[in-house]
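Trainee: Could you teach me how to read a protein structure, one feature at a time?

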Amino acid sequence: MSGLWREETALVVAYLVGSLTFATILVRLTSGIDIRTVGSGNAGGTNVLRTSGKGLALVVALLDVLKGVVAVLLMKTVTYDPRWLGAAAVAAILGHVFPVFFGFRGGKGVATAVGSFAVLSPGSVLVIVAVFVLVVAATRFVSLGSVTAACLLPVTAGLVFKAPEGTVVAAVVAATLLVISHRTNIGRLLSGTERRLGKKDE
C-alpha cells in the first residue's frame, strides 16, 4: 500500500470519526429523542444544554473535542505533513456538520474544530477559546462567540503563532465552514431575533 493511499485512508477515517455525532447518539440513548427535532434542531452541545441539561451537554462537548483530536492524531500515525494534518482536521469538521451516519444532518463543528486545531496550533486554540468565553460572557450569544472565534482562528494561527502554511490553509477552510454552518444564527443576530444563552432556543 503506497504512502498516498495510507494518507487518503486516514482522511476518510477522519471524516468517519467526525461523523460520530455524539449529541444525536447520547440524547437518543438517554431519552429516546432525536436532538434534531427539539430546541434549535442543532445536533450540538448548546442544544443539548438547553434540552437535556448541563451534565450531558458537557459530555457531548468533550467527546466532540476529542474526536477532532483523534482525527488529527490518526493522520499523524501516517504523516507529519501539515497539509495532510490540516486536511484531516477539515475532514473531521465536515463529518460533524454533514455526518454520513445521520443523514448528513449534524452540528456546527465548533467543538470538533477546537479539538482538531488543539493538536495543530494549540496556542491559537487557547486564544480563540478565551475570545469565545469573553464574547459569550459579555453578550450571552453562543453563536456570536463561535463566529468571532472562528474568524480569528486563521489570523492567530498564521500571524501570531506562525503555523505552517498547511495549517493556516486548513484554518481558513475550517473558519469558512464554521461561518457557513452558523448562517441562520448570523441572520438572526442581524435581525435581532437570536436567542441568548439561558433561553430555550438558539
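Mentor: Happy to! Keep in mind that this is a predicted model. Let's start with the outside: the protein chain exposes about 9,500 Å², and carbon and sulfur atoms supply 70% of that area.

Trainee: Thanks! How many helices and strands does the protein chain have?

Mentor: The protein chain has 10 helices and zero strands. Reading along the sequence gives the pattern α-α-α-α-α-α-α-α-α-α. The radius of gyration is 16 Å, close to the 17 Å that the globule rule gives for 202 residues, so the protein chain is as compact as a globular protein of that length. You can also picture a box: the C-alpha atoms fill roughly 50 × 40 × 25 Å along the principal axes.

Trainee: And what share of the residues counts as buried?

Mentor: Of the 202 residues, 47% count as buried. Here is the general idea: in soluble globular proteins, nonpolar side chains tend to be buried together. In this model, the largest nonpolar core has 29 residues. Val 72, Met 75, Ile 93, Phe 117 and Leu 120 have the most contacts inside that core.

Trainee: Which helices supply residues to this core?

Mentor: At least two residues each come from α1 (3-18), α4 (54-76), α5 (82-97), α6 (110-120), α7 (122-139), α8 (142-160) and α9 (165-181). The helix that gives the most is α5, with nine residues. There is also a second, separate core of 10 residues, which includes Phe 22, Leu 26, Ile 35 and Ala 57.

Trainee: Which residues does Phe 117 touch, not counting those up to four places away in sequence?

Mentor: Among them are Ala 89, Ile 93, Pro 122, Val 125 and Leu 153. Phe 117 also touches Thr 167, Ala 170, Ala 171 and Ala 174. For the whole chain, look at contacts between residues at least 6 apart in sequence: 67% of them join residues at least 24 apart.

Trainee: Now a single helix, please. Which residues of α2 are buried?

Mentor: First, the general idea: an α-helix has 3.6 residues a turn, so residues three or four places apart point the same way. In α2 (residues 22-31), the buried residues are Phe 22, Ala 23, Thr 24, Leu 26 and Val 27. They pack against α3 (45-52) and α4. After α2 comes Gly 32, with a positive phi near 75°.

Trainee: Is Ile 25 buried, exposed or partly exposed?

Mentor: Ile 25 is found in α2, and its relative accessible area is 24%. Buried means under 20% and exposed means over 50%, so Ile 25 is partly exposed. Leaving aside neighbours within four places in sequence, Ile 25 is in contact with Leu 20 and Phe 102. Its C-alpha atom is separated by 9.3 Å from that of Val 60, 35 residues apart along the chain.

Trainee: Where do Arg 140 and Lys 162 lie?

Mentor: Arg 140 lies in the loop between α7 and α8, and Lys 162 is in the loop between α8 and α9. Arg 140 has a positive phi of about 65° although it is not a glycine. Phi of Lys 162 is also positive, near 50°, in a residue other than glycine. At 38% relative accessibility, Arg 140 counts as partly exposed, while Lys 162 is exposed at 61%.

Trainee: Last one: how far apart are the mean positions of the positive and negative charges?

Mentor: The mean positions of the 18 positive and 9 negative charges are 10 Å apart.

Notes. Residues are numbered from 1 along each chain as its sequence is written. This is a predicted model: local features need pLDDT of at least 70, side-chain atom pairs count only at pLDDT 80 or more; totals for chains, interfaces and linings use all residues. Side-chain values use heavy atoms; hydrogens and water are left out. Helices (H or I, at least four residues) and strands (E, at least two) are DSSP runs, numbered from the N terminus. The radius of gyration is taken over C-alpha atoms; the globule rule is 2.2 Å times the number of residues to the power 0.38. Buried means under 20% relative accessible area, exposed over 50%, partly exposed in between (1.4 Å probe, protein chains only). Contact means heavy atoms within 4.5 Å. Accessible areas come from the Shrake-Rupley method with a 1.4 Å probe; for residues, only the protein chains shown count as cover. Lys and Arg count as positive and Asp and Glu as negative; His and the chain ends are not counted. The place of a charge is taken as NZ of Lys, CZ of Arg, CG of Asp or CD of Glu. A nonpolar core is a set of buried Ala, Val, Leu, Ile, Met, Phe, Trp, Tyr and Cys residues joined through side-chain atoms within 4.5 Å.
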